[in-house]
Amino acid sequence: MSISVDSAAGQAVKAADRAHVFHSWSAQALIDPLAVAGAEGSYFWDYEGNRFLDFSSQLVNTNIGHQHPKVVAAIQEQAGKLCTFAPAFAVDVRSEAARLIAERTPGDLDKIFFTNGGAEANENAIRMARLHTGRQKVMSTYRSYHGATANAIALTGDPRRWANETGVSGIVHFWGPYAYRSQFHAENEAQECERALAHLEATIAFEGPQTVAAIILETVVGTAGILIPPAGYLAGVREICDRFGIVLILDEVMAGFGRTGAWFAADHWEVVPDLLTFAKGVNSGYVPLGGVAISGAIAETFAERPFPGGLTYSGHPLACASAVATINAMAEEGIVEHARHLGETVIGPGLRELADRHPSIGEVRGLGVFWALELVKDRATREPLTPYNAAGPAAAPMAELAAACKRRGLWPFVNMNRLHVVPPCNSSGAEVKEGLAILDEVL
Ligand code: PLP
């Protein structure tokens with residue numbers, strides 16, 4: 001890591017940013033973005049010489065850390081051979097990326113439609129589901145994030161949807177399971193599961209099963225809380241979908257490619273969706289890439305009939321080369337198994353130990369390198385440390401907590417009253433322990 005101090009360069013980067021870059025999800029005048037000078041593995045640093053342990057994996061996408069040498073080399077090599085080519089052609093790295101992904105997805109999800117990211121993957125998944133079923137409605141959960149394009153933000157349950165709503169979406173929201181804050185007054189996980197499935201079935205009955213094209217779920221809900229489905233829930237949703245001819249879409253944009261300690265989170269519950277969407281971890285975001293893995297039956301719908309969708313950069317060679325190198329590196333280096341082991345032996349036990357000492361921790365939940373601390377004012381009442389609010393900067397005291405982490409060299413992922421612990425899947429045990437020690441001090 002070549003970390004040096006060059007304040008003038010940092011200020012110039014920041015001045016140009018403030019003059020010309022329009023930032024996502026932000027009031028432009030109220031933000032003060034960090035000027036990043038470099039990154040390697042689980043760390044990045046600024047122009048002032050401050051180094052940060054990346055406990056956010058950026059937006060939970062750098063599953064293999066920053067600047068993995070095998071992936072950087074593959075992008076450089078591909079750039080020298082073929083930078084771009086239209087999706088209608090067969091290109092070696094595109095075919096190879098599709099093969100490697102299809103080999104890892106569950107069941108017969110053997111055809112891959114490439115996109116530039118997660119939202120576009122979900123847009124195209126619901127397009128496929130609507131055309132396959134001839135129905136229009138799509139159902140999704142209130143606690144979810146599915147992306148920021150027109151349909152993806154309408155599918156999203158979290159408050160970022162509110163300002164984007166048109167009022168005519170064809171999307172119906174329902175409550176998924178969340179035992180800690182049960183919507184169904186359940187007293188345990190089994191009851192939560194049973195009641196959540198009954199609620200879903202009742203919602204479908206009143207919507208009209210013959211009008212519902214698809215149910216889309218994050219296999220493990222990510223940004224909206226890292227909510228692990230109770231045993232039997234996903235199998236129950238699969239059964240309901242089969243009974244009513246509804247397409248099951250699992251959104252694994254955040255949970256896929258090692259994050260949960262499996263190639264796909266669906267593997268933990270042995271559930272096979274009809275469509276599975278991915279992005280982020282497929283190539284750790286080194287070049288924009290996402291996609292939809294498609295079942296045989298849905299692929300067949302478009303065997304003789306054209307699929308009415310496409311993107312200029314679908315299966316972009318640089319993105320596909322980086323995916324091939326990422327997946328191969330993950331397999332060669334045992335990164336998925338490592339993520340599972342980190343969760344079981346370091347992160348889970350470490351966070352539970354923090355909960356023993358800090359009464360502000362209401363619940364610890366997660367698996368692999370996908371964990372959340374839910375912070376509360378009072379453990380007995382479970383009142384959240386900050387209220388459920390609209391998208392925007394973290395409210396006090398979460399903003400202070402984030403600032404205190406940063407002052408100590410830890411870059412956290414904070415959302416509402418939760419602190420998500422989501423380091424790269426190949427972080428070392430020592431790095432994770434370094435981060436947990438900082439959290440201990442800050443809490
Ligand atoms: N789906 C899930 C579960 C996500 O977490 C995200 C992004 O965080 C998306 C979809 C949207 O992906 P993108 O930002 O690449 O469009």
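In strand β3, the bridge partner of F44 is F52. This pair belongs to a predicted model. F44 and F52 offer a way into the first of two sheets described here. Strands β2 and β3 run antiparallel and are joined by 3 bridges. The two strands form a hairpin, with 4 residues between them. In the turn of this hairpin, G49 has a positive phi of about 90°.

Strand β2 (residues 43–46) also pairs with β1. Here 4 bridges join the strands, and the sense is again antiparallel. Within this pairing, V36 stands opposite D46 of β2. Strands β1 and β2 make a hairpin with 2 residues between them. Its turn holds G41, which has a positive phi of about 60°.

On its other flank, the pairing involves a strand from much later in the numbering, β14 (410–411). Strand β3 (residues 51–54) pairs with β14 in the parallel sense, over 2 bridges. D54 has W411 in β14 as its bridge partner. Together, 4 strands form an open sheet, in the order β1-β2-β3-β14. The pairing in this sheet is mixed. Its edges are β1 (36–40) and β14 (410–411), and each of them pairs on one side only.

A second open sheet has 7 strands. Their order is β4-β10-β9-β8-β7-β5-β6, and the pairing is mixed. At the edges stand β4 (111–115) and β6 (171–174). Each has a single partner strand, so one side of each is left without a neighbour in the sheet. From one strand to the next, the twist averages 20°. Inside the sheet, strand β8 (residues 247–251) and strand β9 (residues 275–278) pair in the parallel sense over 3 bridges. L250 has L276 of β9 as its bridge partner. Helix α5 packs on this sheet. The helix touches β4, β5 (137–141), β7 (212–218), β8, β9 and β10 (290–294). The direction of α5 makes about 30° with that of β10.

Helix α5 (residues 118–133) also takes part in the surroundings of the ligand. With 3 residues, α5 gives the most to the shell around the ligand. The ligand has 16 residues around it. Of these, G117, G118, A119, G147 and V253 come nearest. By class, the shell divides into 6 nonpolar, 8 polar and 2 charged residues.

Three helix pairs complete the account. In the first, helix α3 (residues 69–81) meets helix α11 (residues 317–332). Their axes come within 8 Å and cross at roughly 150°. Angles over 145 degrees count as roughly antiparallel, and α3 and α11 are therefore roughly antiparallel to each other. The crossing of α3 past α11 is right-handed. On the α3 side, the contact is made by K70, V71, A74, I75, Q78 and A79. Their counterparts in α11 are P317, L318, A321, S322, V324, A325, T326 and A329. The contact of α3 with α11 has 10 nonpolar, 3 polar and 1 charged residues.

The second pair is helix α7 (residues 189–207) with helix α8 (residues 233–244). The two axes come within 10 Å and cross at roughly 20°. Angles under 35 degrees count as roughly parallel, and α7 and α8 are therefore roughly parallel to each other. Helix α7 passes α8 in a right-handed crossing. From α7, the contact draws on C193, A196, L197, L200, E201 and I204. From α8 come Y233, G236, V237, I240 and F244. The classes in this contact of α7 with α8 are 9 nonpolar, 1 polar and 1 charged.

The third pair joins helix α12 (residues 335–357) and helix α14 (residues 429–442). The axes come within 10 Å, and they cross at roughly 10°. Helices α12 and α14 are therefore roughly parallel to each other. L342, V346, I347, G350 and L354 represent α12 in the contact. In α14 they meet G429, V432, K433, L436, L439 and D440. This contact of α12 with α14 divides into 7 nonpolar, 2 polar and 2 charged residues.

Key:
Residues are numbered from 1 along each chain as its sequence is written. This is a predicted model: local features need pLDDT of at least 70, side-chain atom pairs count only at pLDDT 80 or more; totals for chains, interfaces and linings use all residues. Two strands pair if DSSP finds at least two bridges between them. A residue is near a molecule or strand if its C-beta atom, placed from the backbone, lies within 6 Å of it. Ala, Val, Leu, Ile, Met, Phe, Trp, Tyr, Cys and Pro count as nonpolar, Asp, Glu, Lys and Arg as charged, and the others, Gly among them, as polar. Axes are lines fitted to C-alpha atoms, for helices over the stretch in contact, and angles run from 0 to 180 degrees between N-to-C directions. Angles under 35 degrees count as roughly parallel, over 145 as roughly antiparallel, 65 to 115 as roughly perpendicular and the rest as oblique. A crossing is left-handed if the near helix is turned anticlockwise from the far one by less than a right angle, and right-handed if clockwise. Two residues are in contact if their C-beta atoms, placed from the backbone, lie within 7 Å.
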